[in-house]
Structures are given as C-alpha cells and as structure tokens.
Amino acid sequence: QRWKEAGMQPDDIGIVCDVDEMFTRDFLLALQRCDVPLFNPGQDCLKPVITGKGVNFQIVPDVFSPSPNKLYHHPQAVIGECIDKIGDVNVHKPGQRNYNGNEEERLIGKRLKNEKLPKGSMYPLWQPWDFRIMQENKVFEDGGLHTAYHLHNFFDSFEVLKNKYTTYAHGDGHTEKSLSSVKQIQQSIETIKKQYKDPKEFDNVKGRKPFLLDDKLYRIARIQEMMAEIQAEERKENTH
C-alpha cells in the first residue's frame with residue numbers, strides 16, 4: 001500500500017528487506033543499468049524475484065560468516081508489475097492463500113505454489129511477505145562472492161539487544177533476565193572477547209565491503225565500545 005501511495009509504477013523495482021539488510025552499492029547500480037530478463041515487461045509473475053546473497057556481520061565488523069554455504073538469503077528485488085496493488089489484477093487474478101501455520105502466515109496468509117497451472121498462465125500478484133520467504137534466483141558476483149550485506153544486531157547497547165531477544169519476534173517475555181542469561185547475547189559476548197584480543201577477521205572478507213566497516217578506526221571503536229559495556233555488565237553482576 002505504501003509503495004502505491006508513493007507512486008510506484010509497474011516498471012519500478014521494489015526491494016524487500018529488513019533495516020539491517022542491503023544490497024551492495026555495485027549490485028544496485030547493476031540493477032539500474034543492466035538488462036534483467038526477470039524485470040522486463042510482460043512477466044507471468046511465477047517467480048519474479050532476485051535474491052541477494054549477503055555476507056553476515058554479527059554485532060561487530062570482525063565477526064562474519066565467510067562460507068558461501070552460510071551466506072544470508074536477503075534482500076529480495078521485485079518488479080512492480082508483479083506486486084500486489086501495483087500490477088494489473090485483470091491480468092494476474094488473485095490466488096488462494098493458506099492461513100494456517102506460524103503467526104505471520106495466520107495473519108497474512110501463505111501464498112500457495114502455483115507451478116501446476118497450465119503453461120502460459122498468468123500467476124497471481126505477490127505481497128511483500130511472499131517475496132520475503134521466497135528465496136529464488138539467488139545472485140552471486142563472479143567467484144561466488146556476495147551481493148548483499150547483513151549487519152546483524154548492530155545495536156547501540158546490549159540492553160537494547162536484550163529487549164529484542166526477550167520481547168520481539170525472538171522473545172520469551174522474561175525481560176528481567178541478565179545479559180549473560182540470554183543465550184544469543186552470551187554467544188555474542190564470547191565471540192567479541194575473542195575478537196577483541198586479535199581483531200583481524202575483517203581483513204579476511206573476500207569481495208566488496210561496507211564503506212563504514214572498511215574504516216579501521218571505526219572497527220576499533222566499535223569493538224572497544226562493546227567490550228566496555230561487557231566489562232561494566234560483568235562488574236555489575238559480580239556485585240550481586
């Protein structure tokens with residue numbers, strides 16, 4: 001709906017992502033300048049999506065997933081012609097949706113697979129959630145390198161991160177927990193301590209790198225900031 005209100009047209013490209021996910025600058029330029037067959041006019045809208053393969057940075061720049069098998073499957077780029085409320089509903093008739101399953105599927109509904117429609121059929125338009133869970137047409141740079149970044153858990157403080165893991169999508173509701181009792185945070189703390197002693201992992205990232213993270217002074221400042229908070233939390237826990 002917001003895309004429609006913003007004036008999106010069928011030949012515009014939409015990007016579906018979380019706030020911590022982004023395509024590389026060069027991949028975005030390629031989408032603007034290159035001929036992408038999936039985004040040409042007249043799509044049947046069967047699988048009108050391109051999926052970026054993102055290198056996954058965790059809390060600090062020196063913690064990342066370098067293996068191609070661990071690359072992140074977001075964001076998704078989609079053509080307006082196949083997006084709900086942007087494309088032509090007279091050409092792409094609404095399809096059935098399954099409202100059984102997890103919380104998101106009960107609220108939004110899960111798109112049914114339409115591969116069995118007759119050849120030459122025009123498929124239903126897509127909602128953003130459909131693109132989000134459909135990891136088709138994954139695109140690498142030459143050499144199997146990433147085309148996107150995932151800056152996971154780059155919060156200002158561990159308290160904010162704890163709020164995520166106790167109240168948000170991953171939450172268990174126990175906001176009274178100490179930082180060290182939240183499993184995901186404890187794992188992050190142990191990794192940061194290791195990298196603080198020998199922060200060289202970022203230099204091993206192959207392919208393109210986020211401009212800010214490529215600044216060594218920023219990387220040092222970021223890990224020092226996180227270590228200071230870890231030490232303050234440990235002192236607080238030791239006094240109880």
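**Strand pairing and helix packing in a predicted model**

Student: Which residue of β9 stands opposite Gly 52?

Tutor: The model is a predicted one. Strand β3 (residues 49-52) pairs in the parallel sense with strand β9 (residues 138-139), over two bridges. In this pairing, the residue of β9 opposite Gly 52 is Val 139.

Student: Which residue of β6 stands opposite Val 49?

Tutor: With strand β6 (residues 76-79), β3 pairs in the antiparallel sense over three bridges. Val 49 and Thr 51 point to one side of β3, Ile 50 and Gly 52 to the other, and all are buried. Opposite Val 49 in β6 stands Val 78.

Student: Is Phe 27 buried or exposed?

Tutor: Phe 27 belongs to helix α2 (residues 25-33). Beyond its neighbours within four places in sequence, Phe 27 is in contact with Ile 50, Val 139 and Thr 147. A residue counts as buried under 20% relative accessible area. The relative accessible area of Phe 27 is 10%, so Phe 27 is buried.

Student: How many Å separate the C-alpha atoms of Phe 27 and Ala 148?

Tutor: Along the chain, Phe 27 and Ala 148 are 121 residues apart. In space, the separation of their C-alpha atoms is 7.9 Å.

Student: Are α6 and α7 parallel, perpendicular or oblique to each other?

Tutor: Helix α6 (residues 183-197) and helix α7 (residues 216-238) pack with their axes 10 Å apart, at an angle of about 125°. Angles of 65 to 115 degrees count as roughly perpendicular and those over 145 as roughly antiparallel. The angle of about 125° belongs to neither range. The two helices, α6 and α7, are therefore oblique.

Methods. Residues are numbered from 1 along each chain as its sequence is written. This is a predicted model: local features need pLDDT of at least 70, side-chain atom pairs count only at pLDDT 80 or more; totals for chains, interfaces and linings use all residues. Side-chain values use heavy atoms; hydrogens and water are left out. Axes are lines fitted to C-alpha atoms, for helices over the stretch in contact, and angles run from 0 to 180 degrees between N-to-C directions. Helices (H or I, at least four residues) and strands (E, at least two) are DSSP runs, numbered from the N terminus. Angles under 35 degrees count as roughly parallel, over 145 as roughly antiparallel, 65 to 115 as roughly perpendicular and the rest as oblique. Buried means under 20% relative accessible area, exposed over 50%, partly exposed in between (1.4 Å probe, protein chains only). Contact means heavy atoms within 4.5 Å. Two strands pair if DSSP finds at least two bridges between them.
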